[in-house]
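Subject: The structure we talked about, with notes

Hello,

Please find the structure just below, followed by some notes that I have tried to write out slowly. Could you read them with the structure open beside you?

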Amino acid sequence: MKTKRVPPGKSRRIWKILLAVVIVLVVVRLILPYVVLRYANKTLANMKGYYGHITDIDLALIRGAYRMDSIYLNQVDTVTQKQTEFFAASAIDLSIEWKALLHGSVVGELVFENPVIRFTKDKVEPTDVRNDSTDFRQLLDDFMPLQVNRFEVNNGRIRYIDQHSSPPVDIAMTNTNILALNLRNSYDSAALLPATIKASADIYEGSLDFNMKINPLADNPTFDMNAEVKNTNLVKLNEFFQAYAKIDVNKGRFGLYTEVAAKEGQFNGYVKPLIQDLDVLGKEDRDDNVFRKMWEAVAGGVGEIFENQRKDQVATKIQFQGNLKKPRTNTWSAIINVLQNAFIQAIQPSIDYEINLASVDSSEKEEKKGFLAKAFDSDKPDKKDKSRDEKKAERKKKRDEKKREREEKREAKKQEKGDGSNI
């Protein structure tokens, strides 16, 4: 059988077409990063209330990814047009998550390198923080067409700045690392809490460890979380204490332990703050004015009163529970725990591992109240119980009855004496 030969002229045309296609692909590959960079910077420049810029964008077509280098996003005052730093990162990598792709899900992953988020007082109030977070997620959605299933932060930094306080406050949580997995449940997991979030950070010689299991796709928030801050040096936070509490801390270590779980609109948890070796008076305070010394003496005295002398620590444990619309905290429970820690036993500096989804009851339960809670709690009584006014009326009625009985007995005794004298 004879093979059909391609004419030399036609063969050359095929090679020319292939060569032209290759050249076009190479040109597109070379030009595309500049096109994407121009589009991204135009988007950042036209954001309402913000201005941002990206230095460079690299594409990795085989990996299905692109990388933004040296990105920043500033807040812009709508009146003065003054810019305030809000977010920056040395790089952001956006790509397809291949692990999820092997399970049949087309989702993405985000990796932040050396990000910095800066919250500035008088510029970012609590409602503005929520707005900033929403706008930032919208920005990522614009740049990331896929739903994010994996999220990672490497060597992040979170700062709080108040330039108008005296002294100015600039504190930070450093070396922040976050890893969130399976946020879109793309690994075919049948677990009730399929996603995990782990985070760690350094806080002034201390450390933060955060662990959460969560179902991000649930209609109501469903999660089980614990976190601990250990061994933070309070002296390093003196500018914060001087600005907002008008005291100097000469020695002290801070810790905080918490667990929270939520399901079906209800939550249950506790927070356990702890301060060890607290000292707010020292030789360095001798130059302070009289009023400052008086305030520091009061602060130090309160610390001594509620300090466990054996372990030299101040601590309490605050339980809280409720629904996500009306959270409640038992204040008197916190006070009782302070007294218990001071005079009975020291609260152990660790997570108690007593909160999980099983501890969250979907139905409201009546809190067990101690003596102080019963005496001072301002919550309304249960409808099944008698009101406080009725109970007071009953107690008053009983007192009146006993008083009448005593008066009747005294009258009877007087009559008996009178009868005896007449005889």
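The count of aromatic pairs comes to 7, where the rings of Phe, Tyr and Trp (its six-membered ring) are paired if their centres lie within 6.5 Å, and where planes under 30 degrees apart are called stacked, those over 60 edge-to-face and the rest tilted. Before going further, please keep in mind that this is a predicted model, in which local features need pLDDT of at least 70 and side-chain atom pairs count only at pLDDT 80 or more, while totals for chains, interfaces and linings use all residues. Residues are numbered from 1 along each chain as its sequence is written, and side-chain values use heavy atoms, with hydrogens and water left out.

Aromatic rings

One of the pairs is made by Phe87 and Phe112, which meet edge-to-face, with 6.1 Å from centre to centre and 85° between the planes. This pair links distant parts of the chain, since Phe87 lies in strand β3 (residues 83-96) and Phe112 in strand β4 (residues 108-113), 25 residues apart; helices (H or I, at least four residues) and strands (E, at least two) are DSSP runs, numbered from the N terminus. Phe87 and Phe112 are both buried, a word that stands for under 20% relative accessible area, with exposed meaning over 50% and partly exposed in between (1.4 Å probe, protein chains only).

Phe112 also pairs with Phe151, and because the ring centres are 5.5 Å apart and the planes stand at 50°, this pair is tilted. Here too distant parts of the chain are linked, as Phe112 of strand β4 and Phe151 of strand β6 (residues 148-162) are 39 residues apart. Phe112 has a relative accessible area of 4% and is therefore buried, whereas Phe151, at 22%, counts as partly exposed. Elsewhere, Tyr50, Phe86 and Phe119 form one aromatic cluster.

Salt bridges

How many salt bridges are there? The count is 9, a salt bridge being a side-chain nitrogen of Lys or Arg within 4 Å of a carboxyl oxygen of Asp or Glu.

In one of them, Arg159 meets Asp170 at 2.6 Å, N to O, and the partners come from distant parts of the chain, Arg159 from strand β6 and Asp170 from strand β7 (residues 169-181), 11 residues apart. Arg159 counts as buried because its relative accessibility is 18%, while Asp170, at 36%, is partly exposed.

Asp69 and Arg67 are joined by another salt bridge, at 3.1 Å from N to O; Asp69 is buried, with a relative accessible area of 16%, and Arg67 is partly exposed at 33%. In the salt bridge between Lys230 and Glu228, the closest N and O atoms are 3.7 Å apart, with Lys230 partly exposed at 34% and Glu228 buried at 16%. Glu109, Arg150 and Glu152 are joined into one network by salt bridges that share partners.

A charged patch

Lastly, Lys398, Lys402, Lys403, Arg406 and Arg410 form a positive surface patch, where patches are made of residues with over 30% relative accessible area and no salt bridge, like charges being joined within 9 Å and nonpolar side chains (Val, Leu, Ile, Met, Phe, Trp, Tyr) within 5 Å. Arg406 belongs to helix α8 (residues 388-422) and, at 46% relative accessibility, counts as partly exposed.

With best wishes

Conventions: Areas by Shrake-Rupley, 256 points an atom, 1.4 Å probe, with all protein chains shown as cover. Lys, Arg positive; Asp, Glu negative; His and termini not counted. Charge placed at Lys NZ, Arg CZ, Asp CG, Glu CD.
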